[in-house]
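Reader: Got a minute to go through this model with me? I'd like to start with the ligand.
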Amino acid sequence: MTMLFFMNSEFANLQENILLANHTTFRLGGPARYFVAVKNNEELVGAVKYAKANSWPFFILGGGSNLLVSDEGFNGLVIKMQSDGLSVVLRSEATKDQKEGDKLKIDCDAGVPFGRVIMETLKSGYSGAEWGFGIPGTIGGAICGNAGRLGQAMAQVVESVTALDDNLEVKNLSKNECEFGYRESRFKKTKEIIILAVLVFEKKKSAMIEAVLNEAKAVVKHSPPYPSAGCVFKNYVASSNNDPLLVGHHELAERVREGKLGVGWLIDQCGLKGRQIGGAKIWEGHANYIVNVGGAKAQDVLALIKLVKEGVRAKYRIELEEEIRRVGNF
Ligand SMILES: Cc1cc2nc3c(=O)[nH]c(=O)nc-3n(C[C@H](O)[C@H](O)[C@H](O)COP(=O)(O)OP(=O)(O)OC[C@H]3O[C@@H](n4cnc5c(N)ncnc54)[C@H](O)[C@@H]3O)c2cc1C
């Protein structure tokens, strides 16, 4: 590992050939040609400018918990968001006698771990993020992919987002302008970099918060005991009762929850649970997880993704959409 130092304080600590397997929850993937961890906006802007000046592609890395990095790695600059400023502001006038419906506002940098925000809100008895207990990664990553679970999602607590556009201009975006959808946001399309988010939470009865938290804990308890990147595919969105999949397979209708059909179950019906290629395996516990049982290559994961897509296409005539993001050349 080489560490290059620049006199320009905006962009110190540039590193070369950093193995991305060490920066992803999947624990696989080749090296980043260049890598820098940025702790504030000045460093972020410096890094992007440096990449542009050298005509390097760049990639914004949060917690690396939703990524499949290619075995060849990333031939450019990986910028890891480590800015972690967080300030909590009670919106209510009454700070001592908080009551149901009071709001709590949190301003947080994109590099703040989602888990830290969850603990902060739980500590003060505010609701809005307890469903996310145990979801790894940063606030920036959670907003980019509109992370969600138990019928709830990040978008519900976002008031506004501050982002850097391609010209490094700062933009303030309202929740509507973020264009949230199921595991979607404008940031997936525009490549704008989220630098700060204003999140709003609501005071609720502790029993209500506890109930959702316990559901989230149950999900965590049933998570794979191996490295993964979470669910590989988005669940199937059943448009209506006339959805072609439901018309062709009546037995599936009763499995639709809030307009979505769990893809893990469909994969299981194709007999693919437990299939292993190299060090990658379709987890027996929940078939929408591909896990790294030891020494998995991105190519192994990719081969399983292909197998699943083909299997589900053949049986159900639908195309699965990947939830995980690919990084590098495949
Ligand atoms: C065990 C496990 C359980 C999981 N459970 C869930 C779950 O229940 N629900 C769920 O939705 N997800 C889940 N995930 C997936 C993942 O944790 C979430 O998607 C998480 O929000 C990703 O955040 P991250 O910081 O790790 O993003 P990364 O994986 O680092 O990046 C994901 C994408 O976001 C972009 N990005 C990151 N930061 C920024 C930024 N500041 N500005 C612009 N773009 C940015 C990246 O460029 C990339 O395209 C799980 C993952 C694991 C390993």
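Reader: Which residues come nearest to the ligand?
Author: Of the 31 residues around the ligand, the nearest are G62, G137, G140, G141 and G230. A residue is near if its C-beta atom, placed from the backbone, lies within 6 Å of the molecule. This is a predicted model, so to speak for local features we need pLDDT of at least 70, and side-chain atom pairs count only at pLDDT 80 or more, while totals for chains, interfaces and linings use all residues. Numbering runs from 1 along each chain as its sequence is written.
Reader: OK, and which element gives the most to that shell?
Author: That's α3, with 4 residues. At least two residues each come from β4 (58-61), α3 (139-144), β10 (148-149) and β14 (193-203). Helices here are DSSP runs of H or I with at least four residues, strands are runs of E with at least two, and both are numbered from the N terminus.
Reader: How many of the shell residues are charged?
Author: 2 are charged, next to 14 nonpolar and 15 polar. Asp, Glu, Lys and Arg count as charged; Ala, Val, Leu, Ile, Met, Phe, Trp, Tyr, Cys and Pro as nonpolar; the others, Gly among them, as polar.
Reader: Switching to backbone: what's the phi of N146?
Author: About 40°, so positive, although N146 is not a glycine.Reader: Where does N146 lie?
Author: In the loop between α3 and β10. N146 counts as buried because it has 21 C-beta neighbours inside 10 Å; the cut-offs are 20 or more for buried, 12 or fewer for exposed, and partly exposed in between.
Reader: And R183, buried or exposed?
Author: Buried, with 20 other C-beta atoms within 10 Å. R183 sits in the loop between β13 (170-174) and α4 (186-190), and its phi is positive, near 55°.
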